Amino acid sequence: MAQAEAVMISMMLSFLFYALAVIWAFSAKTAMLSWLGMVFTGLIAMSIWGVHSITGGAA
Amino acid sequence: MSFRHSMTWLHTWSGLVLGWLLYFMFVTGSTGYFDEEILRWMQPEIPLQESSISASEFIETAERRLDQVATNATETYIELPLGRSPFFSIWWHEAATPETGARGLWHNEKLNPNTGEPVITRETEGGEFLYRLHYALHYIPGWLAYALTSLAAMFTLVAIISGVIIHRRIFKDFFSFRRHKQRSWLDLHNLFGVLPLPFHLMITYSGLMLLMFSTMLPVPASSYGVGEGLRAIYDEVFTEHDSRSATGISANSMSTVSLYNDALKRSDGGLINYVAIKHPGDKNAVIEMGVLANEGIEQHKPIHYDGVSGELYDPEEDASKHSSAKSFYDTMEILHEGLFARPLLRWLYFLSGLMGAGMMATGSLLWAVNRRKKHTMSGGGVRGLALVDRLNLGTIVGLPIAIAAYFWANRLLPVDLASRAHWEMNSLFIVWGIALLHPFLRWKKTSLKSLWCEQLMFATMVYAFIPVLNAATSEHHLGKALLQGDWVMAGFDLFMLVLAMCFAIAFNKLRRRIPNPSVENSAAGVKV
Amino acid sequence: MMISSFSLCLLGLCLLSLATKRNRKNALPNFKKLTTLQTRILKCVGFSCLITSALVLAEAKGLSLGLVYLGAWVTLAALTQALLLSYQPRGVPSLLVASLAAVIISVALRI
């Protein structure tokens, strides 16, 4: 159940992250800045996931 | 741009783009809190229970009927006309038979509470159709509807959060509604948004959450993969393991009535409004008594019995029930659906939902009012504004008219019409289409104010005459329902009259309002 | 404890609305100015009423249903307050007194 539980929690949190991302996108001073923020956080998240899958964590 | 300024921008546009869809979702979703009551009104064939009949008599009657019709049932279910449910009905599930290719199906029969005979009711989807509209829409495939409604809910979540940021002052200043001033639209919008803020946040977030298995698929896909793997997590989370399956060995069941009486003693004064039997006639039969919960947010606290020995039986709790993520999910679902709510809370749920609709309506009107102010100052083009004005009218007043049309169709369409339920639903959309077209067709000749007056007038009429329609087409007219204390029927009619009154007040206020000459024909600001 | 919790909400919101300058001016036109400290005290008492109401509800109905009722009660009380402030601001002090009485009576009767 641990994995299903983790997935449930992340799905339920995803909406908050989504909302925060939208607010960030609109509050950034320039369009460039808002893109950079998105790409940067996206890259971090992707790399965590990548490392996790390679090292063969729970995933 | 300052942070607050950009949030204002975000709030305005995210609200406008999906404002009408959200208005639609709030209105139809709110009706969902009274789905059973609406269904009861839409099936006037069911007579009122006239004499006091004890629950055990009801159970015996229902079992006699089940013995006739549900001989091969794997599960049967008796719904008693107690508590909120106004129906006396039986349900039975017939298993799929692979040889004939028949699918497993639930069957339902409504019984006459006086005689126990089945009642033939007209084909209708009742309140469930309105309720389903708020997330599954209509005429379009489910996945698209879920995507659209989730997108709209996401916009609301963003709009609420950004709204709280822009309107910080409301919490400081406390809500004050300046009804005579220019800004009264804004005040009304704030009021509808802020008063039920806990409700808005809960309903938006839980709504998103309920559809997350269609909208947030990439999340589970990242660890479960696509296809079969996805199915696995869904099953893991949601499947309720049937801890006792049928053995195929038949055995005599305990008398349901005696178990009912036993459960009644244990229930501490709680009502029992359903009796479910799993694997009837089998050695592994389980009898479940639906005791209405007196506390907490669960609707029922069922008591289970072993069907053969009559011992209390504790169904093995599903492991997933203990996980905190699943129980959070369940709590949000329970809060969203509000099935546990007794009349007072139910009405508050409904009113909060309507306030949500009011928030969307006033928000869209506010957009138009502000735009108009800008245009009169700069003298710019008004094409976009005119479009918004027309759609505002066609949605804000048009949708209630369309819902009334659904009720009218329920009583006026011939009972033996083929696919009658579909035509009831189509009527809603046909009438709404007309209401949306009306301001476009009569735009050149009439001012926006008179267009609003026309639709408000019409809305008043269609709602005011619903009790008359009910009296003419059924035996449950308002006077009789009131005398007999039939509050479901009477409540429906009375609420229709209240709605008619609201539209009449709006109509009256608008008619007496002195139009602003400078913007007369570019659609005078409408004020309800 | 339903009535006690609701009257506590009403009382709390009355105090909170009297703690803001504009509403106080409308509700009590002849009242002398309050110092910042006095306003703070009003706010504190108002919020404590709401918190007490939450505790009462959580005790009586359990945490989840208690929170649902709290949301409902605050919404209803705020609606009352908003209507009063916009149509009959002078009524706020009377409501304050009435809700205080209701709190005392309902707590005494445990309803």
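**Figure 1. H93(B) and its partner in strand 3 of chain B.** In this predicted model, H93(B) stands opposite W106(B), a residue of strand 3 of chain B. W91(B) has N108(B) of strand 3 as its bridge partner. Strand 2 (residues 89-94) and strand 3 of chain B are antiparallel and are paired over six bridges; two strands pair if DSSP finds at least two bridges between them. Helices (H or I, at least four residues) and strands (E, at least two) are DSSP runs, numbered from the N terminus. In a regular strand the side chains alternate between the two faces of the sheet. Residues are numbered from 1 along each chain as its sequence is written, chains are lettered from A and ligands numbered from 1 in the order in which they are written, and side-chain values use heavy atoms, with hydrogens and water left out. Local features need pLDDT of at least 70 and side-chain atom pairs count only at pLDDT 80 or more, whereas totals for chains, interfaces and linings use all residues.

**Figure 2. Strand 1 against strand 2 of chain B.** Strand 1 and strand 2 of chain B run antiparallel and are joined by six bridges. E79(B) has S89(B) of strand 2 as its bridge partner.

**Figure 3. The open sheet of chain B and the helix packed on it.** The sheet of chain B has six strands in the order 3-2-1-4-5-6, with antiparallel pairing. Strand 3 (105-110) and strand 6 (303-306) of chain B are the edge strands, each pairing on one side only. From one strand to the next, the twist averages 15 degrees. Helix 3 (residues 55-69) of chain B packs on this sheet and touches strand 1 (73-79), strand 2, strand 3 and strand 4 (272-278) of chain B, where contact means heavy atoms within 4.5 Å. The direction of helix 3 makes about 35 degrees with that of strand 2 of chain B. Axes are lines fitted to C-alpha atoms, for helices over the stretch in contact, and angles run from 0 to 180 degrees between N-to-C directions.

**Figure 4. The second largest cavity.** Two cavities of 30 Å³ or more are counted; a cavity is a set of points on a 1 Å grid over the protein atoms alone where a 1.4 Å probe fits but cannot get out, and lining residues have an atom within 4 Å of a point. The second largest holds about 30 Å³ of space, the volume being that filled by probe spheres set on the points, which are joined across faces, edges and corners. Its lining consists of E75(B), A276(B), K278(B), V286(B), E288(B) and H304(B). Strand 4 and strand 5 (286-291) of chain B are the elements that give two or more residues to this lining. By class, the lining has two nonpolar, one polar and three charged residues (Ala, Val, Leu, Ile, Met, Phe, Trp, Tyr, Cys and Pro count as nonpolar, Asp, Glu, Lys and Arg as charged, and the others, Gly among them, as polar).

**Figure 5. Chains A and C.** Chain A has two helices and zero strands. The C-alpha trace of chain A spans about 40 × 25 × 5 Å along its principal axes. Chain C has five helices and zero strands. No contact joins chain A and chain C, and their closest C-alpha atoms lie 19 Å apart.

Key:
1 Å grid on protein atoms, 1.4 Å probe; cavity = no way out; pocket = protein on both sides within 12 Å on 5 of 7 lines; lining within 4 Å.
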